[in-house]
Amino acid sequence: MTNMEQDRWSRVKGRLRTSVGEDVYTSWFARMDLEGVQDEAVHLSVPTRFLKSWIQAHYADRVLTCWQAEMPEVHRIDLTVRTAMRSAAPAKEATAPADQRRTEQANGRPAPELRATATAPVSASHDALGGSPLDPRLTFASFVIGRSNTLAHAAARQVAEGRRGDPVMFNPLYIHAGVGLGKTHLLQAVTWAGNSGSERKVLYLTAEKFMYGFVAALKTQTALAFKEALRGIDVLVIDDLQFLQGKSTQAEFCHTLNALIDAGRQVVIAADRPPSDLESLDDRVRSRLAGGLVVEMASLGEELRLGILKSRVAAARAHHASFDVPETVLDYLARTITHNGRDLEGAINRLLAHSKLNNQPVTLEMAEREVRDLIRPQEPKRIKIEDIQRVVARQYNVSRSDLLSSRRTANVVRPRQVAMYLAKTLTLRSLPEIGRRFGGRDHTTVLHAVRKIEALVARDNALSEEVESLKRQLQE
């Protein structure tokens, strides 16, 4: 190895340590050595087959990105086990066609040496646009479809398969769901598919990256260039919109959103709640978001959880051919780990690590022991203010529009106060937000209603029973 290569390797290791953190670097990369650089390939080695397999499965793109920062001409990383290496430098391997690689993985055989050539051009072009990092595993091919996400998946595919100049069917596409239910997976799948073999520019940004980019542009007095770059995107994908903060940033996001939609460009957004519940956002932004297609991804059913588990086992088996999880274990995991998809993936990773490091088969007893902290109590149903208004209106034989109106007749005032009281006690919404959702009322009106019903419930048994009945209906 030349001195130049050694210096370059030191810088790459520094980048990798910064990228993954000290603990991850020490665990997986401290014993990785550079064997040489040949043509467009970097040849690395590790001491064990397990290290090689784990890095291939989880850090392929990260390693390639760090090398490309030093050597843009690098398009492939070859990783070998030192004990199995030939004395001569590894010969350059022909890249297997994509169809061949998919066939090998589907048949359960290990994939060829660590390669990111299929995703590197897409990832490089996306990085050049200033996008947030993409995970090469998050594609439509690896997304498991079930009853709770069918519509969201179909809408995302429709966006990804569009072409420049095609009419936009729904804009923006707004997907909301709780943590770990697949929002980010779908948004990154749209980005990967949209940037592959298409003349369109598809940009994926987290809300945090959008804020950082805008603030940095203001500091460097390049805000105009930042705006023009964003508005030249064909498909803008924004993740975790609930984290968008700051009046000036929100105003710029609103202008960008309007400019793209008015120009017929596609916008795809994900958040953990519907537009109407994004209290920190301006009313104009919420209104524009609600004007597109709003799709909720519900919690994962047991059948879908089982499908996700089988998919993750198949992906792990592509790199660890002997890894096997019995059906009884999969059924147990699908039945007991109900919180989100990340917990399911974490469970498979634990079983894989335990099986490989201890050289033991996966058993039901092992699974029960290894994943016990992932078995959480079922979360209570998330109640929406719209649900409260609907149930209360039906109970008191008034319309929802009556509850939102300015009418002050007795047959409307009491149901409205009950609905406000339930909104305060059964949701996490603030008093100003509840007032806004009840026809734009002031928060003091909501506070008066809550205190009024609290006092009445304490001394009126009939009303107390009515309120408890309404709570049960909403929580069922």
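Here are a few notes on the parallel sheet in this predicted model.

1. Start with the strand order. The sheet is open and has 5 strands, running β5-β6-β7-β4-β8 with parallel pairing. The edges belong to β5 (202-206) and β8 (293-296); each has a single partner strand, so one side of each is left without a neighbour in the sheet. From one strand to the next, the twist averages 15 degrees.

2. Now look at β7, residues 266-271. How many of its residues are buried? The count is 6 of 6, so to speak a mostly covered strand. Side chains in a regular strand alternate between the two faces of the sheet. In β7, one side carries Gln266, Val268 and Ala270, while Val267, Ile269 and Ala271 sit on the other, and all of these are buried, leaving both faces covered.

3. On to the partners of β7. With β4 (residues 173-176), β7 pairs in the parallel sense over 4 bridges, and here Tyr174 stands opposite Ile269. β6 also pairs with β7 in the parallel sense, over 4 bridges; Val237 is the residue opposite Val268 in that strand.

4. How does the chain get from β6 to β7? Follow helix α11 (residues 247-262): the chain passes through this helix on the way, making a right-handed β-α-β crossover.

5. One more helix to check is α9, residues 207-219. Helix α9 lies across β5 and β6 (235-239), and runs at about 95 degrees to β5.

Terms used:
Residues numbered from 1 in each chain as written. Predicted model: local features only at pLDDT ≥ 70, side-chain atom pairs only at ≥ 80, totals over all residues. Heavy atoms only, no water. Pairing = 2+ DSSP bridges. Helix = DSSP H or I, 4+ residues; strand = E, 2+ residues; numbered from the N terminus. Axes fitted to C-alpha atoms, helices over the stretch in contact; angles between N-to-C directions. Contact = heavy atoms within 4.5 Å. Buried < 20%, exposed > 50% of the residue type's maximum accessible area, 1.4 Å probe, protein only. Right-handed = clockwise from strand over helix to strand, strands pointing away.
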